[in-house]
Amino acid sequence: DRIVTVASEFEDHVVSDLQSRFDAFYHQALAQIEDRAAIRQQALIRHRNEKLSRLNAEIERREERARDYRRKGEEKKSRQVSNLVGAIRKKAIQLQEVTEQRLREIELERTVLPELSDVAALFLEVRPSRGAARSQE
């Protein structure tokens, strides 16, 4: 009967306190993970957008140069510059692909697979009470 009472007290006070502490810790950890992922995601998108903007500006400049060469009748130079434009476009596509892959990785980092389990052990040392020991004598 005393064991049941002690176990009940343990469950009511100690386990519930530990559970609430763990829940607070868990939610704080989730918030930190989310914050880090959001910051990394924003930085990656900003970097991609800036890089794409520079690449697109370079493409426009080189396309204009290729048109100028074509107007002047310099086909070989026009083809060379046009080939360079194609390479820059491939670079932009690769940037998009790499960025999308990294964004997927960041999204996976947001997914926490909690191994939540209630683990508690109750160790009781059962000793006869002083009155019980005397009554047995």
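Arg-110 is in contact (heavy atoms within 4.5 Å) with Ile-33, Glu-34, Ala-37, Ala-38 and Gln-41, leaving aside its neighbours within four places in sequence. Arg-110 is found in helix H2; helices (H or I, at least four residues) and strands (E, at least two) are DSSP runs, numbered from the N terminus. With a relative accessible area of 18%, Arg-110 is buried, where buried means under 20% relative accessible area, exposed over 50%, and partly exposed in between, with a 1.4 Å probe and protein chains only. The side chains of Arg-110 and Gln-41 are also joined by a polar contact of 3.3 Å. A polar contact is a pair of N or O atoms within 3.5 Å; within protein, one must be able to donate a hydrogen and the other to accept it, and residues adjacent in sequence count only if both atoms are side-chain atoms.

The model is predicted: local features need pLDDT of at least 70 and side-chain atom pairs count only at pLDDT 80 or more, while totals for chains, interfaces and linings use all residues. Residues are numbered from 1 along each chain as its sequence is written, and side-chain values use heavy atoms, with hydrogens and water left out.

**Overall architecture**

The protein has three helices and zero strands, and along the sequence it follows the pattern α-α-α. Buried residues make up 14% of its 137 residues. Among contacts in the protein with a separation of 6 or more, 77% come from residues 24 or more positions apart. The protein exposes about 11300 Å², of which carbon and sulfur atoms supply 52%; accessible areas come from the Shrake-Rupley method with a 1.4 Å probe, and for residues only the protein chains shown count as cover.

**Helix H2 and the nonpolar core**

Helix H2 spans residues 75-110 and has 36 residues. From its first C-alpha to its last, H2 reaches 52 Å, close to the 52 Å expected at 1.5 Å a residue; the expected span is 1.5 Å times one less than the number of residues. The buried residues of H2 are Ser-78, Val-81, Val-85, Ile-88, Ala-92, Leu-95, Thr-99, Leu-103, Ile-106 and Arg-110. These buried residues pack against helix H1 (2-72).

One of them is Thr-99, placed in helix H2 and buried at 2% relative accessibility. Beyond its neighbours within four places in sequence, Thr-99 is in contact with Leu-44 and Arg-48. Another is Ile-88, which touches Leu-55, Glu-58, Ile-59 and Arg-62, not counting residues up to four places away in sequence.

The largest nonpolar core has seven residues in all: Leu-52, Leu-55, Ile-59, Val-85, Ile-88, Ala-92 and Leu-95. H1 and H2 are the elements that give two or more residues to this core, and H2 gives the most, with four residues. A nonpolar core is a set of buried Ala, Val, Leu, Ile, Met, Phe, Trp, Tyr and Cys residues joined through side-chain atoms within 4.5 Å.

**Salt bridges**

Side chains of opposite charge can pair when their charged atoms come close. The structure holds eleven salt bridges, a salt bridge being a side-chain nitrogen of Lys or Arg within 4 Å of a carboxyl oxygen of Asp or Glu. Three of the pairs are set out below.

| Pair | Closest N to O distance |
|---|---|
| Arg-21 and Asp-17 | 3.3 Å |
| Glu-100 and Arg-48 | 3.6 Å |
| Arg-89 and Glu-63 | 2.3 Å |

Glu-100 forms a salt bridge with Arg-48. Glu-100 lies in helix H2 and Arg-48 in helix H1, so the pair ties together parts that are 52 residues apart in sequence. Glu-100 is partly exposed at 35% relative accessibility, whereas Arg-48 is buried at 14%.

The side chains of Arg-89 and Glu-63 meet in a salt bridge. This pair links distant parts of the chain, with Arg-89 in helix H2 and Glu-63 in helix H1, 26 residues apart. Arg-89 is partly exposed, with a relative accessible area of 40%, and Glu-63 is partly exposed at 24%.

Arg-21 and Asp-17 are four residues apart in helix H1 and therefore separated by about one helical turn. Arg-21 is exposed, with a relative accessible area of 55%, whereas Asp-17 is partly exposed at 32%. In addition, Glu-64, Arg-67, Asp-68 and Arg-71 are linked in a network of salt bridges.
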